[in-house]
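This note is for a colleague who wishes to examine the internal cavities of a protein model and the packing of one pair of its helices. The points below may be read beside the structure.

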Amino acid sequence: MQRRDTLKNKDLLTDIDFDEYLTQRWAAPAAYRRVFRISPTTSYEGPEMMPPDAAASPQLLPEGVSIGGAAQPGSARILTSAALEFVALLERRFGERRRELLAARTLRQERFDAGELPGFLPETGDVREGDWRVAPLPADLVDRRVEITGPLERKMVINALNSGARVFMADFEDSQCPTWQALVAGQVNLADAVRRTIDFTHPRTGKAYALGEETATLLVRPRGWHLEERHVTVHGRAVSASLFDFGLYFFHNAAELLAQGTGPYFYLPKLESHLEARLWNDVFLAAQEELGIAAGTIKATVLIETITGAFEMDEILFELREHSSGLNCGRWDYIFSFIKRFAERADFVLPDRGTVGMTSHFLRSYSRLLIETCHRRGVHAMGGMAAQIPIKNDPEANEQALGKVRADKLREVTDGHDGTWVAHPGLVAQATAIFDEHMPAPNQIDVAREPCGVTAQDLLRVEAGEITEAGLRQNVCVGVQYLEAWLGGNGCVPLYDLMEDAATAEISRTQIWQWIRHGARLADGRSVSAELVSEVLAEELSAVRASLGAERFDDGHFDDAARLFESLSTAAHCGEFLTLPAYERLLDLHG
């Protein structure tokens with residue numbers, strides 16, 4: 001998102017500067033109608049815009065739209081009548097189709113539970129065999145060698161944009177707890193970041209944070225199709241969280257991004273099929289049409305983080321080919337999906353999660369297939385996240401952690417990935433150095449490689465390994481502590497020198513569920529049972545209380561987190577997402 005004032009396209013924003021226009025509008029009478037020009041021939045008209053410090057007033061809301069969340073700092077700036085009407089338009093047009101696709105997931109799961117396995121779709125063979133490529137990429141998405149990801153807290157946004165990474169993925173999803181306050185603040189922070197007005201002064205230290213001259217290109221990850229935003233309803237029904245996050249960001253920032261010579265770029269999470277990608281593509285077309293922006297302006301990278309999505313990579317790219325900026329190996333959610341989709345099968349039980357890495361056959365196969373698929377279609381194949389973070393007070397442990405990061409990034413770049421993810425600014429230089437050494441060009445899309453020959457059997461091959469008491473305790477301890485932080489409003493948590501988000505908590509609870517379901521045995525011969533899990537949970541909670549202190553423990557959400565984790569891990573059926581029941585409790589706690 002580098003500032004490019006000299007490249008500002010006067011055709012995209014005429015009459016007056018957009019920020020200046022908003023300032024005038026906020027100062028204007030309430031009866032004044034909002035009109036701004038997106039092109040010389042097209043203007044968008046909507047209801048009046050609220051002043052920046054006003055509370056949301058029911059009479060200013062579009063017909064059929066209700067807001068259940070309390071007014072937040074900046075909410076009147078973000079939740080304008082025009083912006084909410086835009087979100088409502090998307091919900092009215094695509095909400096029912098989204099729900100039908102979620103129902104299709106349920107039916108597919110029933111077939112998996114009955115013994116069916118996924119495979120490459122025979123009905124889309126012509127797409128896989130066809131000679132087609134995605135649309136050309138904009139200049140600021142050609143070199144993506146290192147991307148940093150993180151939640152939308154104001155200081156973190158500034159640090160990520162200043163980190164030296166080529167791209168910052170601002171996350172409304174797995175590393176962001178979806179409290180109403182955080183969601184509104186996140187949109188405010190992104191709007192300020194786009195306009196380069198974002199700053200922050202630490203209330204305790206007085207340290208000031210502001211953007212540097214050169215900043216990362218900004219991408220935004222909305223929440224997945226399975227989630228709803230309960231604070232906003234259209235005709236009494238909660239809106240899609242995906243459409244809410246995407247719609248507000250796109251509405252408020254698309255014109256300004258284009259004026260700066262960049263664009264509205266996104267990451268799309270947890271897609272299960274090419275039909276879900278088609279839905280996103282149709283959303284993009286509708287959104288661009290509504291705001292008078294050229295089709296193909298939006299670019300989106302899809303995270304391949306479901307086992308079913310891995311069998312439809314060509315088809316996903318094909319559906320989004322006008323808007324595609326590639327695919328990404330979302331490794332942690334992919335492991336979670338692998339466990340969840342085959343939870344009822346004893347022959348798919350995985351060993352300790354710490355032993356399931358990207359060198360495991362099924363994961364290495366999916367990574368290689370993703371590279372081959374993307375490069376054949378002329379677009380980026382992005383590597384995944386190494387969860388290690390710098391360890392400040394232990395040089396030896398820190399060097400071991402950095403060694404794991406270097407090995408992971410070396411594998412990615414030599415396999416053919418065009419870029420990678422890091423979770424901490426302190427790892428940007430390490431990852432960049434490895435990609436600079438082995439990838440001197442902006443990417444490897446046109447580098448010729450031997451066909452990988454990955455088959456359906458490769459994607460489904462489970463390797464044996466030990467299940468240990470230590471692995472069980474790690475799952476319990478990480479899962480409960482992450483959920484406790486999430487219920488407290490924090491979605492990105494450093495635990496035991498790793499950065500944990502919702503995906504790793506999902507692995508923890510589904511793995512325990514699978515072990516119980518199939519009576520898996522620990523290395524010492526004991527069977528994993530609900531009773532054993534309950535016993536380990538009590539012991540780990542006691543250890544956490546001793547470590548943190550009674551006051552911090554008792555004032556936290558550990559009891560809630562433990563009950564939720566245990567219920568999900570020992571339920572009759574493997575739950576789809578822990579964030580669904582956890583969101584119900586989050587609403588109770590935070591409104």
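**Cavities and a helix pair**

1. The principal contributor. Helix H11 gives the most residues to the lining of the largest cavity, namely three. The model is a predicted one, and the points that follow should be read accordingly.

2. Cavities in the whole structure. A search of the whole structure returns four cavities of 30 Å³ or more. The largest holds about 280 Å³ of space, and the volume of the second largest is about 160 Å³.

3. Lining of the largest cavity. A total of 25 residues line this cavity, and those nearest its centre are Arg221, Trp332, Met385, Trp421 and Asp501. Two or more lining residues come from each of the strands S4 (146-150), S13 (324-329), S14 (381-385) and S17 (498-500), and likewise from the helices H11 (331-341) and H17 (502-517).

4. Character of that lining. By class, the lining of the largest cavity consists of ten nonpolar, seven polar and eight charged residues.

5. Lining of the second largest cavity. Here 18 residues form the lining, with Glu173, Asp174, Leu227, Trp486 and Thr579 nearest the centre. Helices H17 and H21 (579-590) each provide at least two of the lining residues. H17 gives the most, with three residues. Helix H17 also appears among the elements that give two or more residues to the lining of the largest cavity.

6. Character of the second lining. The residues around the second largest cavity divide into eight nonpolar, three polar and seven charged.

7. Geometry of H20 and H21. How do the axes of H20 and H21 cross? Helix H20 spans residues 558-570, and its axis comes within 11 Å of that of H21, with a crossing angle of roughly 160°. Because angles over 145 degrees count as roughly antiparallel, H20 is roughly antiparallel to H21. The crossing of H20 past H21 is right-handed.

8. Residues in the helix contact. On the H20 side, the contact is made by Asp560, Leu564 and Leu568; on the H21 side, by Pro581, Ala582, Arg585 and Leu589. By class, this contact of H20 with H21 comprises five nonpolar residues, two charged residues and no polar ones. Helix H21 therefore deserves inspection in two settings, as a partner of H20 in this contact and as a supplier of at least two residues to the lining of the second largest cavity.

Key
Residues numbered from 1 in each chain as written. Predicted model: local features only at pLDDT ≥ 70, side-chain atom pairs only at ≥ 80, totals over all residues. Heavy atoms only, no water. 1 Å grid on protein atoms, 1.4 Å probe; cavity = no way out; pocket = protein on both sides within 12 Å on 5 of 7 lines; lining within 4 Å. Points joined across faces, edges and corners; volume = space filled by probe spheres on them. Helix = DSSP H or I, 4+ residues; strand = E, 2+ residues; numbered from the N terminus. Nonpolar A, V, L, I, M, F, W, Y, C, P; charged D, E, K, R; others polar. Axes fitted to C-alpha atoms, helices over the stretch in contact; angles between N-to-C directions. Parallel < 35°, antiparallel > 145°, perpendicular 65-115°, else oblique. Left-handed = near helix turned anticlockwise from the far one by under 90°. Contact = heavy atoms within 4.5 Å.
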